[in-house]
Amino acid sequence: MLTSLQNSLVKQIRKLHSTKERHKQQLFLLEGTHLLEEACAVNYPLDTLCCTEKWQMAHPQLWDNACSRSHRSEIVSEDVLAAMATTVQPDGVVAIAKRSEQQTQVPFTGLVLAVETLQDPGNLGTMIRTAAAAGASGLWLNSDSVDLDNPKVLRASAGQWFRLNMAVSEDLRTTVAQSQQAGMQVVATMPSANLTYWEVDWRKPSLILLGNEGAGLSADLAAMANTQVKIPLSPGVESLNVAIAAALMLYEAQRQKIYS
């Protein structure tokens with residue numbers, strides 16, 4: 001059992017709390033029983049698995065399953081586990097995995113989100129969870145946004161991080177142009193738009209453009225859209241949370257496909 005906070009593995013995992021170190025080590029952190037269950041359910045390869053003795057005894061089958069996908073597994077003390085985790089009250093298990101495994105190709109078909117300069121990991125995780133629930137094909141994120149593998153993003157996604165096609169676009173304008181060349185309509189959310197979001201024919205392959213929490217969508221990206229839509233707001237309300245805006249359009253698209 002690992003009991004020393006000075007152990008090299010403990011120090012390595014603690015470093016993964018920072019974006020810089022995740023990029024440097026090309027590893028990211030998985031925390032908690034539910035995320036581990038989801039990773040195992042999709043056969044996601046793990047690098048290292050750490051848990052407390054109490055957790056191992058409570059989850060013997062999951063432990064065996066996860067160990068079979070890990071290069072290394074360790075039983076650690078409660079104090080060591082707490083030092084490894086980013087959460088205040090970790091539930092007893094932490095794993096690390098390679099960042100490169102997450103890079104998948106997002107297809108230019110169906111319903112896809114493209115998000116510019118998103119900063120809040122909770123918003124991104126919620127969008128991932130909602131997109132997966134609504135049957136979206138995937139999500140593009142530009143490189144100025146919060147990391148896809150930020151620990152808070154994974155937790156907010158409630159495990160759906162492993163089930164949605166996601167990729168980072170180095171140039172979102174190029175990605176938008178490619179989606180149009182593939183026959184997708186590009187829909188941008190703009191408060192000045194004439195159309196409301198339910199007036200769009202979402203049965204067509206669609207790319208939904210969403211912007212930064214504070215500044216919204218940049219003018220050059222908004223200008224590339226085939227259609228601009230608004231979400232009606234009551235007087236005195238300036239805007240909606242970006243994850244809520246995404247959810248409204250994702251589920252309107254699903255409604256149209258089912259009932260039209």
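A pocket is an open set of points on a 1 Å grid over the protein atoms alone, with protein on both sides within 12 Å along at least five of seven lines; lining residues have an atom within 4 Å of a point. Grid points are joined across faces, edges and corners, and a volume is the space filled by probe spheres set on the points. This is a predicted model: local features need pLDDT of at least 70, side-chain atom pairs count only at pLDDT 80 or more, and totals for chains, interfaces and linings use all residues. Residues are numbered from 1 along each chain as its sequence is written, and side-chain values use heavy atoms, without hydrogens and water.

**View 1. The largest pocket has a volume of about 570 Å³.** Its lining counts 23 residues. Nearest the centre lie Thr189, Pro191, Glu238, Ser239 and Leu240. Strand S11 (227-230) and helix H11 (242-259) each give at least two lining residues. Helices (H or I, at least four residues) and strands (E, at least two) are DSSP runs, numbered from the N terminus. By class, the lining holds 12 nonpolar, eight polar and three charged residues. Ala, Val, Leu, Ile, Met, Phe, Trp, Tyr, Cys and Pro count as nonpolar, Asp, Glu, Lys and Arg as charged, and the others, Gly among them, as polar.

**View 2. The second largest pocket holds about 170 Å³ of space.** Among its lining residues are Glu116, Asp144, Glu170, Asp171, Arg173 and Asp220. Helix H9 (172-181) and helix H10 (219-224) are the elements that supply two or more lining residues. Six lining residues are charged, four polar and two nonpolar.

**View 3. Phe28 and Trp161 form a tilted aromatic pair.** Rings of Phe, Tyr and Trp (its six-membered ring) pair if their centres lie within 6.5 Å; planes under 30 degrees apart count as stacked, over 60 as edge-to-face and the rest as tilted. Here the centres are 5.1 Å apart, with 45° between the planes. Phe28 sits in strand S1 (residues 27-31) and Trp161 in the loop between helix H8 (151-156) and strand S7 (166-169), so the pair ties together parts 133 residues apart in sequence. Phe28 is buried (under 20% relative accessible area, 1.4 Å probe, protein chains only), at 0%. Trp161 is also buried, at 3%.

**View 4. Tyr44 and Phe162 pair edge-to-face.** Their centres lie 5.2 Å apart, and the planes meet at 70°. Both residues are buried. Ring pairs link Phe28, Tyr44, Trp161 and Phe162 into a cluster.

Note on methods
On a 1 Å grid over the protein atoms alone, a cavity is a set of points where a 1.4 Å probe fits but cannot get out, and a pocket is an open set with protein on both sides within 12 Å along at least five of seven lines; lining residues have an atom within 4 Å of a point. Buried means under 20% relative accessible area, exposed over 50%, partly exposed in between (1.4 Å probe, protein chains only).
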